[in-house]
Amino acid sequence: MLVSLVLAALFEAQLADVGRRIKTCRNPRCRVAFYDRSRNNSGVWHSVRACGHPTNLRAHRARQRQVG
């Protein structure tokens, strides 16, 4: 029952061209589905604080190790 409701909602979103804003979090440990409310449809994390900040911090530290 729940699966059919979710599929129906996704189909309606696709018809309304909202489907491109439904994404999954880029954090491999999270993978939560979310609605991207950003102006240019560029959101990649469901929460910048929870998933984006740690990911960006790890990438920054890896770049710093390569430089020096």
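# A walk through a predicted α-β-β-α chain

Start with the whole protein chain in view: its radius of gyration is 16 Å, where a compact globule of 68 residues would have one near 11 Å. That radius is taken over C-alpha atoms, and the globule rule is 2.2 Å times the number of residues to the power 0.38. This is a predicted model, in which local features need pLDDT of at least 70 and side-chain atom pairs count only at pLDDT 80 or more, while totals for chains, interfaces and linings use all residues. Residues are numbered from 1 along each chain as its sequence is written, and side-chain values use heavy atoms, with hydrogens and water left out.

**The overall view**

Show the C-alpha trace and turn it along its principal axes: the C-alpha atoms fill a box of roughly 55 × 25 × 15 Å. Switch to cartoon and you will find two helices and two strands, in the order α-β-β-α from the N terminus. These are DSSP runs (helices: H or I, at least four residues; strands: E, at least two), numbered from the N terminus.

Now add a surface. About 5800 Å² of the protein chain is accessible, and carbon and sulfur atoms hold 57% of that; the areas come from the Shrake-Rupley method with a 1.4 Å probe, and for residues only the protein chains shown count as cover. Of the 68 residues, 18% count as buried. Here buried means under 20% relative accessible area, exposed means over 50%, and partly exposed lies in between (1.4 Å probe, protein chains only).

For contacts (heavy atoms within 4.5 Å), take the pairs at least 6 apart in sequence: 6% of them join residues at least 24 apart.

**Stop one: Lys23 and Asp36**

Select Lys23 and Asp36, which form a salt bridge with their closest N and O atoms 2.9 Å apart. The pair links distant parts of the chain, 13 residues apart: Lys23 sits in strand E1, and Asp36 in the loop between strand E2 (33-35) and helix H2 (48-67). A search of the whole structure finds one salt bridge, the term meaning a side-chain nitrogen of Lys or Arg within 4 Å of a carboxyl oxygen of Asp or Glu. Colour Asp36 by accessibility and it shows as buried, at 3% relative accessible area.

**Stop two: Arg21**

Move to Arg21, in the loop between helix H1 (2-15) and strand E1 (22-24). Arg21 is buried but has no salt bridge; Asp36, the nearest side chain of opposite charge, is 4.5 Å away. For charge, Lys and Arg count as positive and Asp and Glu as negative, with His and the chain ends not counted.

What lies 2.8 Å from a polar atom of the Arg21 side chain? Select Ser38: the answer is its backbone oxygen. Leaving aside residues up to four places away in sequence, Arg21 touches Phe34, Tyr35, Asp36, Arg37, Ser38, Arg39 and Asn41.

**Stop three: two positive phi angles**

Most residues other than glycine have a negative phi. Asn41, in the loop between E2 and H2, has a positive phi of about 60° although it is not a glycine. Is Asn41 buried or exposed? Asn41 is buried, with a relative accessible area of 18%.

Next, pick Arg31 in the loop between E1 and E2. Arg31 is not a glycine, yet its phi is positive, about 55°. At 47% relative accessibility, Arg31 counts as partly exposed.

**Last stop: Arg29**

Arg29 also lies in the loop between E1 and E2, and at 74% relative accessibility it counts as exposed. Finish by drawing a distance from Arg29 to His60, 31 residues apart along the chain: their C-alpha atoms are separated by 19 Å.

Key
Polar contact = N/O pair within 3.5 Å; in protein donor to acceptor, adjacent residues only side chain to side chain.
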